[in-house]
Amino acid sequence: MKNSLFSTLAVLALLSGCASTQENAKPEAAAGEPAALANDYPTRDRVEYVLECVAKHGGLTYISQYACGCKIDKIAEKLSFSEYESAKTFTQMQKTPGEAGAAFRDAKQSKDLRTRLKDAEAEAEKACFVN
């Protein structure tokens, strides 16, 4: 009887915890930060960016991991995820040779977004890495 009561209470506690989480809650913006840009980057993309950044900065150390995490946060303050994703795609695809790559190299939207991403990365690099 005790085990049954204990099991029931444990399940109820678990369910009440699940019921109180807000799956669709909007992230709160930091002071002065637009709500739409507060945290709209998927975790997978943030992790991918940090891993690529760490590799470029000599491998995994606490300092490079922290600085690279800081860097993607700073970029997220400047670009929405949609803009970041488009800029990243344009940057990767601009190397496509011939006419097939022209849409990624020559379009005004491509140039603007690639420039914004490059500027955001440069600012983030200065802000997050100690020289």
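**Exercises on a predicted chain: confidence, helix packing and a disulfide**

In this predicted model, pLDDT stays under 50 over residues 1-30, and this segment has seven contacts beyond four places in sequence.

**Exercise 1.** Determine which elements have the lowest and the highest mean pLDDT.

*Solution.* Begin with the whole protein chain: its mean pLDDT is 77, and 69% of its residues reach 70 or more. Next, consider the elements: helix α1 (residues 2-20) has the lowest mean, 37, whereas α2 has the highest, 96.

**Exercise 2.** Classify the mutual orientation of α2 and α3, and describe their contact by residue class.

*Solution.* Step 1: the axes of helix α2 (residues 43-56) and helix α3 (residues 62-78) cross at roughly 130° and come within 9 Å. Step 2: angles of 65 to 115 degrees count as roughly perpendicular and those over 145 as roughly antiparallel; α2 and α3 are therefore oblique to each other. Step 3: the crossing of α2 past α3 is right-handed. Step 4: α2 contributes R46, Y49, V50, C53 and V54 to the contact, and α3 contributes S64, Q65, C68, G69, K71, I72, D73, I75 and A76. Step 5: sorted by class, the contact comprises eight nonpolar, three polar and three charged residues.

**Exercise 3.** Establish whether the link of C53 and C68 is left-handed or right-handed, and locate both cysteines.

*Solution.* Step 1: the sulfur atoms of C53 and C68 lie 2.1 Å apart and form a disulfide, the criterion being a separation within 2.5 Å. Step 2: the angle about the S-S bond is -70°, and the link is left-handed. Step 3: C53 belongs to helix α2 and C68 to helix α3, 15 residues apart, and the pair links distant parts of the chain. Under the criterion used, the count comes to two disulfides.

Terms used
Residues are numbered from 1 along each chain as its sequence is written. This is a predicted model: local features need pLDDT of at least 70, side-chain atom pairs count only at pLDDT 80 or more; totals for chains, interfaces and linings use all residues. Side-chain values use heavy atoms; hydrogens and water are left out. Axes are lines fitted to C-alpha atoms, for helices over the stretch in contact, and angles run from 0 to 180 degrees between N-to-C directions. Helices (H or I, at least four residues) and strands (E, at least two) are DSSP runs, numbered from the N terminus. Angles under 35 degrees count as roughly parallel, over 145 as roughly antiparallel, 65 to 115 as roughly perpendicular and the rest as oblique. A crossing is left-handed if the near helix is turned anticlockwise from the far one by less than a right angle, and right-handed if clockwise. Contact means heavy atoms within 4.5 Å. Ala, Val, Leu, Ile, Met, Phe, Trp, Tyr, Cys and Pro count as nonpolar, Asp, Glu, Lys and Arg as charged, and the others, Gly among them, as polar. pLDDT is the predictor's confidence in each residue, from 0 to 100.
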